[in-house]
Amino acid sequence: MRSGQGKIHDILMLGDSNTYAGLNVDGSASYDPSGLDITDSQLLEWRSANHISNQSFSYTIVADSFHPFNLFATAPVSSAINGVGGGMAFMKQMKASGFLKAGECMRITAQGVGGVGLGNGTSPTGAAYAVPGCSQYGTFSTDTANAVTRINSALAQSASLGIVAILWTSGANDAINNVTRANYSSDLPLLIAYLRANITGGSTAPFIMQPLVPGYAPGGTNFPAISLAQGDVAGSVSRCGLVDSSTMVGQTGTGYHLDGTSQRLWGTRAAALALSL
């Protein structure tokens, strides 16, 4: 269902497979056959081309690149693939807080690429979010460019009131690939700076990080180090925050995905954090 009503506050949500959890972009049963949230005419999604694609899970969602449009946002309650609900929970909490005035809407632009972080492995690659200067990868990624293009296409619409927040749902893949605390702490701020410099009106947009699953640290990985690095970035970059991970748990079978309840908790806490920055 399309919607173009009201003035619109925009959000960018980008990262790895935890991003899919943030928004069910087409209501398909491939995400969750058990049912969807009831739609809300004030909560929207910006449908732009190829904004979610993940071949490893055997589904790809490709929108109409020639005619981007708004539609009512939906998200499943739970999923056999990923925990879900972060993006919807963020928007719902922003509305519940009184942030939205009469006639206003909130809209999310979501981009998730499975199995990547700042990089994909230890070699430069396009399937990642590295930007020039990153010590670990040192190359510019198409995923970063695509995220900027998509959110800017939403912000260019006359109804947009500007960007409210950037939500970052990554870190697990860098932990799996043993990125060090020092490298992550120095590289993620470069991505934040790039996004703020290149997103229209985004120079002071809050950057909110989803925490890694508490206690998940299989042998041969750097999950504790990346968790500490997230805290380093939150403490050193202006208007940047890391959501409290207490009481959150991983989804059975994957470990590094927050379960459905925790996804909603992350989104709710992210909204409160964004409003405080």
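**Aromatic pairs and nonpolar cores**

Tyr129, Trp168 and Phe207 form one aromatic cluster. The model is a predicted one. A search of the whole structure returns 4 aromatic pairs. One of them joins Tyr129 and Trp168 in an edge-to-face arrangement. The centres of these two rings are 5.3 Å apart, and the planes meet at 85°. An angle over 60 degrees counts as edge-to-face. Tyr129 sits in the loop between strand 6 (104-112) and helix 2 (142-155), while Trp168 belongs to strand 7 (residues 160-169), so the pair ties together parts that are 39 residues apart in sequence. Both Tyr129 and Trp168 are buried.

Another pair consists of Tyr216 and Tyr256. Its geometry is also edge-to-face, with 6.3 Å from centre to centre and 65° between the planes. Tyr216 lies in the loop between strand 8 (207-209) and helix 5 (223-236). Tyr256 lies in the loop between strand 9 (240-242) and helix 6 (260-276). The pair therefore ties together parts that are 40 residues apart in sequence. Tyr216 has 25% relative accessibility, so it counts as partly exposed. Tyr256, at 30% relative accessibility, counts as partly exposed. Partly exposed residues fall between the limits of 20% and 50%.

The chain as a whole was examined next. Its secondary structure comes to 6 helices and 9 strands. Of its 277 residues, 55% count as buried. The accessible surface is about 10300 Å², and 54% of that surface belongs to carbon and sulfur atoms. Contacts often span long stretches of sequence: among those between residues at least 6 apart, 75% join residues at least 24 apart.

In soluble globular proteins, nonpolar side chains tend to be buried together. The largest nonpolar core in this model has 35 residues. Ile166, Trp168, Leu188, Ile199 and Phe207 have the most contacts inside this core. Several elements each supply at least two of the core residues: strand 1 (7-15), helix 2, strand 7, helix 3 (172-176), helix 4 (181-198), strand 8 and helix 5. The largest share, 5 residues, comes from helix 4. Apart from this core lies another, of 22 residues. Its members include Met13, Met94, Val164 and Ala165.

Trp168 appears both in the aromatic cluster and among the residues with the most contacts inside the largest core. With residues up to four places away in sequence left out, Trp168 touches Tyr129 and Phe207, its partners in the cluster. It also touches Leu14, Gly15, Leu118, Tyr184, Leu188, Leu191, Ile208, Met209, Gln210 and Trp266.

Two further residues were examined. Gln230 has its place in helix 5. At 1% relative accessibility, Gln230 counts as buried. Its contacts, leaving aside neighbours within four places in sequence, are Ser170, Tyr184, Met209, Gln210, Pro211, Leu212 and Leu242. Tyr184, Met209 and Gln210 are also touched by Trp168.

Thr142 is located in helix 2. With a relative accessible area of 47%, Thr142 is partly exposed. Thr142 and Tyr129 are 13 residues apart in sequence. In space, the distance between these two residues is 7.7 Å, C-alpha to C-alpha. Tyr129, by contrast with Thr142, is buried.

Terms used
Residues are numbered from 1 along each chain as its sequence is written. This is a predicted model: local features need pLDDT of at least 70, side-chain atom pairs count only at pLDDT 80 or more; totals for chains, interfaces and linings use all residues. Side-chain values use heavy atoms; hydrogens and water are left out. Rings of Phe, Tyr and Trp (its six-membered ring) pair if their centres lie within 6.5 Å; planes under 30 degrees apart count as stacked, over 60 as edge-to-face and the rest as tilted. Helices (H or I, at least four residues) and strands (E, at least two) are DSSP runs, numbered from the N terminus. Buried means under 20% relative accessible area, exposed over 50%, partly exposed in between (1.4 Å probe, protein chains only). Contact means heavy atoms within 4.5 Å. Accessible areas come from the Shrake-Rupley method with a 1.4 Å probe; for residues, only the protein chains shown count as cover. A nonpolar core is a set of buried Ala, Val, Leu, Ile, Met, Phe, Trp, Tyr and Cys residues joined through side-chain atoms within 4.5 Å.
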